[in-house]
Amino acid sequence: MRGFRALQLTVGAHAEVFAALGGETCGLPETDNGLQLPVLLKGPEHGKFLDTFSRADWVTLAGPEPGPIVDAGHCLLETLLPNTFPRDLRHFLVDLSQAEARPGTAVLETAHRLQSHGEVVVSFSSESLAAALENLGEPTDNPAERAIARVRSVLNLGACLLFSKDSYAAADRADTRTLPPRHQPGKATAPHPGTTFATAYCAAGLMGIPEKSQLFLAAAAVETQLFTQSPPSWVEIERHIRQNPS
């Protein structure tokens, strides 16, 4: 993970989890109005922000409301990406696993357009996945693995994830995989387990771990965090796997 840098453009603890896994984080420059992208893009910190973005390997857009995700995506697509040097492969995460408001078509369109600039993973909860299927005009009564596979295919994404109390699932270009959660859904932990799940999945992808193993590692990361009550390191995750082989 050394040398991989994460940039968090909206609220969330993905950068914290990424750092615990051994990666680096790129901090946004502070402004008088807080970390607001339109301010950064137009103000005196513009050059510094462009430099920060150009060095990021993994960019996250997340949060309970779709508006900030769409706004950040607009800044990426219309201002940042056209004016920065292309990377061989930049990764994006659009995390809808903790959405409190119904994600609309604008969020899905943002994820679809970002795929032209890198590898995009979208993480869903059961509720946000159902909303995405309705927005795409797809059936909502399919099994979880078929549902996320369909969303991934329609939006032409790198991968789609599902984090729910009933199952963990991942659909990539090659296959769709599911795992039953082994933790107690009501057990409190911080950051949100869905954040750890999506971050560990993406971090494994950055390291070149085969797709068939990424879901297993993401699930193990959640289980480890629920045991340690803090964002886990890969060493802690490996120890957890060895001690809980089933």
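**Entry 1: Val-70**

I looked up the exposure of Val-70 in this predicted model. Val-70 is partly exposed, at a relative accessible area of 23%; the cut-off for buried is under 20%, so I did not enter this residue as buried. I located Val-70 in helix H4. I then listed its contacts, leaving out residues up to four places away in sequence, and found Ala-106, Val-107 and Thr-110. I also checked the separation of Val-70 from Ala-170. The two are 100 residues apart in sequence, and their C-alpha atoms are 23 Å apart in space.

**Entry 2: Strand S3 and its partners**

I next asked how many of the residues of S3 are buried. The count is five of five, and I recorded the strand as mostly covered. I then sorted these residues by face. Trp-58, Thr-60 and Ala-62 lie on one side and Val-59 and Leu-61 on the other, all of them buried, which leaves both faces of the strand covered.

I turned to the strand pairing. S1 (residues 5–8) runs parallel to S3, and three bridges join the two. In S3, Thr-60 has Gln-8 opposite it. S3 also pairs with S4, again in the parallel sense, over five bridges. There I noted Ala-62 opposite Asp-95 of S4.

Which handedness does the unit made by S3, H4 and S4 have? I found a right-handed β-α-β unit, with H4 spanning residues 66–80. This is the helix in which I had placed Val-70.

**Entry 3: Aromatic pairs**

I searched the whole structure for aromatic pairs and obtained four. One of these is Phe-18 with Trp-58, a stacked pair at 5.2 Å centre to centre and with 20° between the planes. Phe-18 belongs to helix H1 (residues 14–20) and Trp-58 to S3 (residues 58–62), so the pair ties together parts that stand 40 residues apart in sequence. I checked the exposure of both partners. Phe-18 is buried, with a relative accessible area of 0%, and Trp-58 counts as buried at 1%.

I then examined Phe-163 and Phe-197. These rings form a tilted pair, with 5.3 Å between centres and 45° between planes. Phe-163 is in strand S6 and Phe-197 in helix H8 (residues 193–206); the pair therefore connects parts 34 residues apart in sequence. Are these two residues buried or exposed? Phe-163 is buried at a relative accessible area of 10%, and Phe-197 is buried at 0%. I also noted that Phe-163, Phe-197 and Tyr-168 make up one aromatic cluster.

**Entry 4: Arg-177**

I looked up Arg-177 in strand S8 (residues 176–179). Its relative accessibility is 19%, and the cut-off for buried is under 20%, so this arginine counts as buried. Which side chain does the side chain of Arg-177 meet in a polar contact? I found Asp-172 as the partner, at 2.6 Å. Beyond residues up to four places away in sequence, Arg-177 touches Tyr-168, Ala-169, Ala-170, Asp-172, Glu-211, Lys-212 and Leu-215. Tyr-168, in this list, is the residue that I had entered in the aromatic cluster.

**Entry 5: Helix H6**

I recorded the buried residues of helix H6 (residues 126–135) as Ser-128, Leu-129, Ala-131, Ala-132 and Leu-133. I then asked against which elements these residues pack. The strands are S4 (91–96), S5 (119–124) and S6 (159–163), and the helices are H5 (105–114) and H7 (144–155). S4 is also a pairing partner of S3, and S6 is the strand that holds Phe-163. After H6, I noted Gly-137, which has a positive phi, near 70°.

**Entry 6: Cysteines**

I finally checked for disulfides. A disulfide is a covalent bond between the sulfur atoms of two cysteines. The count is zero. Cys-75 is in no disulfide, and its nearest cysteine sulfur, that of Cys-26, is 17 Å away; the cut-off is within 2.5 Å, so this pair does not qualify. Cys-75 counts as buried, at 9% relative accessibility. Cys-202 is likewise in no disulfide; the nearest cysteine sulfur belongs to Cys-160 and is 11 Å away. I entered Cys-202 as buried, at 5% relative accessibility.

Note on methods: Residues are numbered from 1 along each chain as its sequence is written. This is a predicted model: local features need pLDDT of at least 70, side-chain atom pairs count only at pLDDT 80 or more; totals for chains, interfaces and linings use all residues. Side-chain values use heavy atoms; hydrogens and water are left out. Buried means under 20% relative accessible area, exposed over 50%, partly exposed in between (1.4 Å probe, protein chains only). Helices (H or I, at least four residues) and strands (E, at least two) are DSSP runs, numbered from the N terminus. Contact means heavy atoms within 4.5 Å. Rings of Phe, Tyr and Trp (its six-membered ring) pair if their centres lie within 6.5 Å; planes under 30 degrees apart count as stacked, over 60 as edge-to-face and the rest as tilted. Two strands pair if DSSP finds at least two bridges between them. A crossover is right-handed if, with the strands pointing away from the viewer, the path from the first strand over the helix to the second runs clockwise. A polar contact is a pair of N or O atoms within 3.5 Å; within protein, one must be able to donate a hydrogen and the other to accept it, and residues adjacent in sequence count only if both atoms are side-chain atoms.
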